[in-house]
Amino acid sequence: MKRDLLLFVCFSLLIMVAPQLFEGGYLMNVLVFVGINTMLAIALNLLLGYAGQISLGHAGFFGLGAYLSGIMTTTYSMNPWVAMPVAALIVGALAGLIGFPILKLKGHYLAMATLGLGIIIFIVFNETVDLTGGPSGLSAIPNLKLAGLSFDSDVKNYYLIWAFTLAVMLFSINLANSRIGRALRAIHDSEVAAQVLGVNSRVLKVQIFALSAVISSLAGSLYAHTMTFVSPASFGFNFSIELLTMVVIGGLGSIYGSFLGAALLTLLPEFLRGANDYDIVIYGALLMVMVMYMPGGLVRGITSLFSKFVKKSGADHA
Amino acid sequence: MQFDQILQYTLSGLSTGAIYALIGIGFSIIYNATGIINFAQGEFVMLGGLLTLSCMELLKLPLWAAVPCAVAISTVVGVLFERLAIRPLKLPTPINLVIITIGGSILIRGLAMLLWGKDTHTIQPFSGDTPIAIGGATVLPQHLWILAITIIIILVNKVYFYHTISGKAMRACSYNRRAAGLVGIDVKRMVMFSFVISSAMGAMAGIIVAPLTMTAYDVGVMLGLKGFCAAIIGGMSSGLSTVIGGLLLGVLESLGAGLISSGYKDAIAFIILLLILFIRPQGLFGKADSERV
């Protein structure tokens, strides 16, 4: 537990000084996205990595958060700080409601059902033109303001987003180490065994699903207020797959892994600028290679390679 | 007037429904042989259409030769997918299988995008496009092609599964893989066969629908999902109930698009999918433990 805290403090310090190392510029904008994607990847990881329940519709919850915040602050000129928790509450309630029937399903069926849910949400974004602006999107969403400070530049947004992301990380690390985290892992290993030991798996699965949706919605609200523009294209099926790729690459059930996966997948397209069209091929190949050769994800894979190496060299010395 | 409209929507719904049925049967065959929902199923539909186009344009083959060519190439892709991605999987948990078939589907789609570009392509209808009047409605000759070819494929399927040794062996695998292995059935080969059949069927569906709807590298996603929806309605059977599921979905979707709103056409299919999964996960016609071949 102490080690976890130390690691988290080191990580936070690294995040805090990062802008000084990169001197702002375009990269700051990308790092803002790394923050948002980390939050989303952690949300999905809580569900997929800890409770073992897949969701291919998380882009939908992300989009709902973004649109609810966007609509409440533009059409109804609500204060963004109020809109954000309201949006999160609505999305959480919705996820809780749909969670009961949907989480009765397992494995492939759950994957298909959540996929369908995500696509329905995506279609609604496109079709309710009066509310969402349809395919052309919703613009002029206000920036967040705090005591006269408006978060309107990349550097300010960086600190804003990462403050939230770090809070979500700390919360998730604590959750994973708590009684609930252990119960979730028990469900992952064997739902029947978990139930026999007194875990109310049905309710717990719905709770973690709703929590995951709330975090995604929060990320969506932050996205809307930093980008000041949202359109359905950002919340489609492909983004759900991108999130899944982040979680799988980083490692199921690894919070820092989610950061690593999010960072890799957000930075990769930036470095492959010219090869823009190839990124979908690379995602596909990455997913397959990871599942086949490193099912534990990068963080665990590298750690075990490292410890193997250390052991081997240790043996040589002796 | 109103009746004519409904007839028209129903007729066009039946032909798209037939496509969903073919794709759905493809899902069911693999599911029953292996327990896998192959998320890449829709990509074979896309490959069928685009490969036919390339065979006709690049190799200057006539349609009747281009079709088997395209089906054969798609089948090879299906077998390679099983061999290179699914068989070597060390931990075949459902989540890993979902992720790997999604990975495969994105990879195939991405490669198709690189090969054929992002444009939509058209294939000429098999026999002209003079509409045929039926009652107060009209159908295109391609609609009839779709229905006829679907019926033939389903009949061939039936004969294969019930009257050939290899078909019976595959059914045995779907009842109990271990027992099938014990009586000397090569289960791995049957799994490969299931990929052969379903990728060939998917490709065929993609070919016959392409003249109606046009085709592009990304048509596989939606068609695949609708096919899955048909299979779910049919309770993952590879027989008549999935066919009825597909036709039902096609007609409902077409009626919904025509009478309610065309923008929500795709949403209708997914709402049906969710409702069936929530209320009757064993399918619309299935008993709790229905025969699944």
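**Figure 1. The order of helices and strands along chain B.** Read from the start of its sequence to the end, chain B of this predicted model runs through the pattern α-α-α-α-β-β-α-α-α-α-α-α-α. Counted by type, the secondary structure of chain B comes to 11 helices and 2 strands.

**Figure 2. The overall dimensions of chain B.** Measuring along the principal axes, the C-alpha trace of chain B spans about 60 × 45 × 35 Å. How does the radius of gyration of chain B, which has 293 residues, agree with that of a compact globule? A compact globule with 293 residues would have a radius of gyration near 19 Å, and because chain B has 19 Å, the two values agree.

**Figure 3. Burial and contacts within chain B.** Of the 293 residues in chain B, 51% are buried, a residue being counted as such if 20 or more other C-beta atoms lie within 10 Å of its own. Among the contacts in chain B with a separation of 6 or more, 75% are between residues that stand 24 or more positions apart in the sequence.

**Figure 4. The place where chain A touches chain B.** Here 31 residues of chain A are in contact with 34 residues of chain B. On the side of chain A that touches chain B, the elements that give two or more residues are helix H5 (107-127), helix H11 (237-250) and helix H13 (279-293) of chain A. H5(A) gives the most to this side, with 12 residues. Sorted by class, the side of chain A that touches chain B has 24 nonpolar, 5 polar and 2 charged residues.

Notes
Residues are numbered from 1 along each chain as its sequence is written. Chains are lettered from A and ligands numbered from 1 in the order in which they are written. This is a predicted model: local features need pLDDT of at least 70, side-chain atom pairs count only at pLDDT 80 or more; totals for chains, interfaces and linings use all residues. Two residues are in contact if their C-beta atoms, placed from the backbone, lie within 7 Å. Helices (H or I, at least four residues) and strands (E, at least two) are DSSP runs, numbered from the N terminus. Ala, Val, Leu, Ile, Met, Phe, Trp, Tyr, Cys and Pro count as nonpolar, Asp, Glu, Lys and Arg as charged, and the others, Gly among them, as polar. The radius of gyration is taken over C-alpha atoms; the globule rule is 2.2 Å times the number of residues to the power 0.38. A residue is buried if 20 or more other C-beta atoms lie within 10 Å of its own, exposed if 12 or fewer, and partly exposed in between; C-beta atoms are placed from the backbone.
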